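Got your viewer open? Let's take a short walk through the model together, one selection at a time.

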There are 2 protein chains.
Amino acid sequence: MKPLHIKLAATLLAVWLVATAQAADPLPSWNDGHAKQAIVNFVEQVTDSSRPTYVPAEDRIATFDNDGTLWVEHPLYTQAIFALDRVKALASEHPEWKTTEPFKSVLADDKAAMAKFSEQDWAHIIAATHAGMNTEAFLEIAKQWLTTAKHQRFQRPYTELVYQPMLEVMNYLRTNGFKTYIVTGGGQEFVRVYAQKVYGVSPEQVVGSSIATKYEYRDGKPVLMRLPKVFFIDDHAGKAIGINLFIGKRPYAAFGNSDGDREMLQWTTAGDGARLGVLVLHDDAEREYTYGPAVGLPDTKVGTFPIGLNDEAKKKDWIVISMKKDWKVIFPFEKK
Amino acid sequence: MKPLHIKLAATLLAVWLVATAQAADPLPSWNDGHAKQAIVNFVEQVTDSSRPTYVPAEDRIATFDNDGTLWVEHPLYTQAIFALDRVKALASEHPEWKTTEPFKSVLADDKAAMAKFSEQDWAHIIAATHAGMNTEAFLEIAKQWLTTAKHQRFQRPYTELVYQPMLEVMNYLRTNGFKTYIVTGGGQEFVRVYAQKVYGVSPEQVVGSSIATKYEYRDGKPVLMRLPKVFFIDDHAGKAIGINLFIGKRPYAAFGNSDGDREMLQWTTAGDGARLGVLVLHDDAEREYTYGPAVGLPDTKVGTFPIGLNDEAKKKDWIVISMKKDWKVIFPFEKK
């Protein structure tokens with residue numbers, strides 16, 4: 001063999017070794033550390049049939065919160081921004097909104113007033129923007145908005161502001177026989193619009209909050225009309241209730257980031273055998289945001305991570321992910 | 001080749017041909033006819049990628065009513081019998097029931113009085129027998145009952161009184177990439193107890209009626225307590241609403257047997273492309289029961305098949321299965 005050939009062979013070998021090493025790492029966007037290791041260990045525990053912690057594939061359920069766990073929730077939940085945009089889009093049909101709160105403040109773009117909106121104010125906005133049409137029309141409106149709207153800071157569509165390391169976890173779990181569910185306080189129908197394409201999660205595996213619908217015939221066709229009435233709030237205790245209602249099995253792994261995910265993690269990790277509870281901590285102001293009083297970060301109404309949750313995480317061996325330390329990249333578009 | 005060898009070869013060939021023909025028929029308990037052919041044609045239409053009616057596997061959803069469509073519902077819904085048995089089992093803890101309706105009539109086994117029970121009476125019975133325990137305890141109670149209770153006429157466990165031809169349809173659809181859901185007016189948790197074992201349908205693919213649950217800590221463990229309060233009635237319009245809520249996709253095929261399935265079939269068959277609506281008609285008194293005024297059979301409160309439903313079936317090309325003519329056997333234990 002001539003030197004050139006040897007060099008070529010060595011290069012090819014090196015490329016092959018690197019490629020193999022990369023292929024073997026199911027979580028390439030994660031830095032080595034406690035969080036990554038805990039996830040990998042958990043998967044080994046439930047998939048190795050020689051261990052007492054083995055779980056048959058049909059029972060491998062993992063649940064993921066959405067806002068702040070799978071995609072950006074700051075400065076405001078994406079669906080809330082959608083609702084505010086819809087108020088503006090519908091304003092010409094509602095001249096009375098110019099003088100009626102909470103619409104008046106939205107149309108005037110009065111951020112100080114909006115920051116003080118009560119739950120009742122938000123209920124009015126949701127009723128005005130999320131109800132009164134049939135389910136298919138709503139899906140189309142949400143789809144259109146997601147295609148065109150951009151996040152003010154990142155200047156990208158919201159569906160690009162998903163966390164690459166979490167996409168890898170979802171894929172890693174699915175490769176290992178898990179069904180991955182989204183369990184969100186956000187609107188079930190809203191998340192279903194993009195969950196398949198963005199997360200690889202089909203509509204029937206999206207559990208979320210919902211409003212009531214009414215079955216009617218219109219123009220000779222059956223439709224489901226969306227009513228301005230809350231049906232189910234899939235948040236806090238509602239997440240454990242929603243999991244039982246929609247899935248009927250206790251998850252083996254649950255991923256969240258805020259107080260609203262506490263009961264989901266409690267319910268999940270109270271089961272027998274190997275269970276995994278994970279919380280994403282937003283501690284990376286440079287690449288994303290920082291918030292969470294539990295770790296001395298600013299408090300916020302959007303995605304609260306209180307001191308009590310951090311204490312419970314320590315006590316129950318829930319993994320707290322540091323976005324800053326544990327994640328090599330935050331978003332898919334940062335990948336080299 | 002000697003004559004004996006020829007004869008042997010011919011016999012083997014005949015055996016092989018019969019075996020192959022049997023293996024090739026996905027619906028061996030069905031007589032040839034319009035109903036069987038319609039089901040086979042539908043599956044070919046949605047699975048043949050060269051046809052305009054082709055449906056990608058991820059969208060192949062089929063929904064099945066339970067009572068009267070997959071298992072016997074006469075003389076009374078199985079879950080109602082379970083509730084009555086539970087009243088008797090719990091009577092010693094409730095001495096007041098001896099003098100309080102509707103419990104008094106149940107404990108006296110007064111069939112004439114029970115036949116006249118109002119919805120309110122049944123609500124009292126359900127509240128007394130289906131609530132007040134946590135979800136896991138309820139599943140255990142239902143499981144125990146299903147193991148021991150027997151149908152009065154057939155003297156077999158209720159889970160043996162499932163329709164063999166429908167098991168074949170479910171299996172045939174799954175083999176062709178369908179997800180098979182149960183969409184029942186009955187209790188979601190009750191059906192989840194046995195659906196995997198009996199129908200091959202996992203808990204997350206059982207959509208049904210439900211009562212409210214409350215998340216609580218008891219003895220240091222989180223539990224979901226069942227409350228005596230209706231949460232969702234998955235019947236009539238509720239079936240279309242439930243399908244959208246739990247599945248988020250319109251089915252391509254729906255199977256029912258009564259007025260309570262009408263909206264599910266409407267919703268399903270109003271979709272584009274090839275859709276299949278099927279109704280089971282109970283017209284076989286000898287092997288099962290006969291009921292349904294639509295076809296001159298006795299009326300009954302349990303599994304009503306009114307004239308209007310039959311008219312709509314004709315108009316919309318829904319298939320009406322005659323149990324008597326279309327099914328070679330009714331139950332798995334009749335198979336030779």
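Which residue of chain A forms a salt bridge with B:Lys249? Select B:Lys249 and look across to chain A: the partner is A:Glu204, with the closest N and O atoms 4.0 Å apart. Keep in mind that this is a predicted model.

Next, widen the view to the whole interface. The rule finds 6 salt bridges between chain B and chain A, along with 20 residue pairs in polar contact. To see where chain B's side comes from, colour its elements: α7 (135-148), β2 (179-187), α9 (188-199), β3 (206-218), β4 (221-232), α10 (237-246) and α11 (262-269) each supply at least two residues. By class, that side of chain B has 17 nonpolar, 8 polar and 12 charged residues.

Now show the surface. Each chain puts 37 residues into the contact, and together they bury about 3100 Å², 54% of it on carbon and sulfur atoms. Pick out B:Glu204, B:Tyr215 and B:Leu245: these three supply 21% of the area chain B buries against chain A, more than any other three residues.

Then turn to the sheet of chain B. Its 7 strands form an open, mixed sheet in the order β4-β3-β2-β1-β5-β6-β7. β4 and β7 (319-322) are the edge strands with a single partner each, so one side of each has no neighbour in the sheet. From one strand to the next, the twist averages 30 degrees.

Zoom in on β2(B) and β3(B), which run parallel and are joined by 3 bridges. Here B:Val183 stands opposite B:Val207 in β3(B).

Last stop: select helix α2 (residues 34-47) of chain B. Helix α2 packs on the sheet, touching β5 (253-256), β6 (276-281) and β7 of chain B, and its direction makes about 135 degrees with that of β7(B).

Terms used:
Residues numbered from 1 in each chain as written. Chains lettered and ligands numbered in written order. Predicted model: local features only at pLDDT ≥ 70, side-chain atom pairs only at ≥ 80, totals over all residues. Heavy atoms only, no water. Contact = heavy atoms within 4.5 Å. Buried area = accessible area lost by both parts, 1.4 Å probe. Salt bridge = Lys/Arg side-chain N within 4 Å of Asp/Glu carboxyl O. Polar contact = N/O pair within 3.5 Å; in protein donor to acceptor, adjacent residues only side chain to side chain. Helix = DSSP H or I, 4+ residues; strand = E, 2+ residues; numbered from the N terminus. Nonpolar A, V, L, I, M, F, W, Y, C, P; charged D, E, K, R; others polar. Pairing = 2+ DSSP bridges. Axes fitted to C-alpha atoms, helices over the stretch in contact; angles between N-to-C directions.
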